[in-house]
Amino acid sequence: MRVNLSVAIVAMVDRNSTNPNFEEYDWDEKTQSVILSSFFWGYIVTQVPAGKLAQTYGAKIMLIFAMAICSVLNILTPLGASYGGWKLVCASRVFQGLCQGFIFPSTHTLLSKWAPVSERGKLSTYCYSGAQFGTVIMLSASGFLASSFLGWPSVFYVAGFAGVFWSVLWYFFGGNSPSEFKSISPEEKEFIEKSLNVGEKVSVIHAEIEHLKSTPWMQIFTSLPFLSLMLVHCGHNWGFWTLLTKIPTYMKNVLDMDIKQNALLSALPYLAMCLMSYVFSYLADVLSRREVIPLSVSRKLFNSIGHLIPMFALVALGYVTKDNVDLAVGLLTIAVGINSATYLGFQVNHIDLAPNHAGVLMGITNGAANVMSIIAPLLVGFVVQDSTDPYQWRLVFFISAAIYLVGNTLFVIFGRTEIQTWNNPEPKLAMTAKEKEVEEGRCQK
């Protein structure tokens, strides 16, 4: 649902469409850019509140409402375009962004409750690789759907009804935690909770006030491990969104190749990212089971792989000529595909630092990082005055590579995997008998 408009809008404004049975719109490039960016206006706003709400009321209900509302809005998009034009489509995308702002913080909150420490990286990879899988499906099927008898509206119908179907499944099969999920076996519940130390150091009173506990904002924003995590997330989004939003323009104007015309080729980097995420997950699992390296080294190792190899690929891409288009496609695929190693690096580190506040931490870093995803394409527009000049594009690649390097270096130096002291501050739960006696004496006096 996040990428389907990027695909459908090509057919929506195509006056030479091979399927003229559906309405077409006279939206110029500026209008299209506003529509495509409007999703992120809402997406950024709800990141931090979503983490707090998921922590307080449970991630299950947050995901149900977020996905169901977003899905219905997707289904209604063609109707909105017909009756309200680009302004109503824009408004719909803002609300869809508001809804999807709940997805990552809620997912992180769930992982903090469900993922045993030994399987945390693997399970987070399975969850977040779904984003790339969905993108592959949408890009690959978009041409067929738009040219079919259902036309470009079917792009929204397929994604929307898939979301509705998922919401129904999630209502019956989702659960906030093992303790609240009735269908879990006692053995699995015990395994997960023992891994997460649930119940061993928590009193009954502590459990009752857990949902009321305030978020330690000051400690979070003065924590070097968290600040390094936020900066590496921002650097990651800068490079990733530079690749995904501007590389097609570079390959069209500099290399005389428009990969947007080939849906399968456009999907190739995403497919590589999806597949490589499982390769890296397997490698991390092997290293963990054999206790080859500690968790902190594993996080930093995979994060470095996910940033440094794409960094070199970006620099090399700036020197590719028109005679080596295949090499350019290969470098682009490597840059995006290897990036999936970060699923086992910084992207799961929120749960390492503070499982009780994982959703809030993800909301903060993802919100800040998505500001970068808006700024990065704007900077490209400022640097590249002549889109056919390879030297100007080379500067863009060097800037992105430098940001990758700085972000990863900060994470390697300051990143930590130990649970931070502010994750679970010890509350004063009850007075001892002696304390009660002293307090009663004070009251009588």
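Trainee: Is Thr215 buried or exposed, and how do I read that?

Mentor: Look at relative accessible area: buried means under 20%, exposed means over 50%, and partly exposed lies in between (1.4 Å probe, protein chains only). Thr215 counts as buried because its relative accessibility is 7%. Keep in mind that this is a predicted model, where local features need pLDDT of at least 70, side-chain atom pairs need 80 or more, and totals for chains, interfaces and linings use all residues. Residues are numbered from 1 along each chain as its sequence is written, and side-chain values use heavy atoms, without hydrogens or water.

Trainee: Where does Thr215 sit, and which side chain does it join in a polar contact?

Mentor: Helices here are DSSP runs (H or I, at least four residues), numbered from the N terminus. Thr215 sits in the loop between helix H10 (204-209) and helix H11 (217-221). A polar contact is a pair of N or O atoms within 3.5 Å, one able to donate a hydrogen and the other to accept it; residues adjacent in sequence count only if both atoms are side-chain atoms. The side chains of Thr215 and Lys52 make one at 2.8 Å. Setting aside neighbours within four places in sequence, Thr215 is also in contact (heavy atoms within 4.5 Å) with residues including Gln55, Ile220 and His357.

Trainee: What about Asn237, buried or exposed?

Mentor: Asn237, in helix H12, is buried, with a relative accessible area of 6%. Its side chain reaches the backbone oxygen of Ala369 at 3.3 Å. Beyond four places in sequence, Asn237 touches Thr242, Ala369, Asn370 and Ser373.

Trainee: How many cavities are there, and what lines the largest?

Mentor: A cavity is a set of points on a 1 Å grid where a 1.4 Å probe fits but cannot get out, and lining residues have an atom within 4 Å of a point. There are three of 30 Å³ or more, and the largest has a volume of about 50 Å³. Its lining includes Trp238, Thr242, Leu379 and Ile399. Helices H12 (224-253), H17 (358-383) and H18 (390-414) each supply at least two lining residues, with the largest share, four, from H17.

Trainee: Which residues touch the most other members of the largest nonpolar core?

Mentor: Such a core joins buried Ala, Val, Leu, Ile, Met, Phe, Trp, Tyr and Cys residues through side-chain atoms within 4.5 Å. This one has 80 residues, and Met12, Trp27, Leu243, Tyr250 and Met251 touch the most other members. Apart from it lies another core of 14 residues, among them Phe226 and Val360.

Technical notes
On a 1 Å grid over the protein atoms alone, a cavity is a set of points where a 1.4 Å probe fits but cannot get out, and a pocket is an open set with protein on both sides within 12 Å along at least five of seven lines; lining residues have an atom within 4 Å of a point. Grid points are joined across faces, edges and corners, and a volume is the space filled by probe spheres set on the points.
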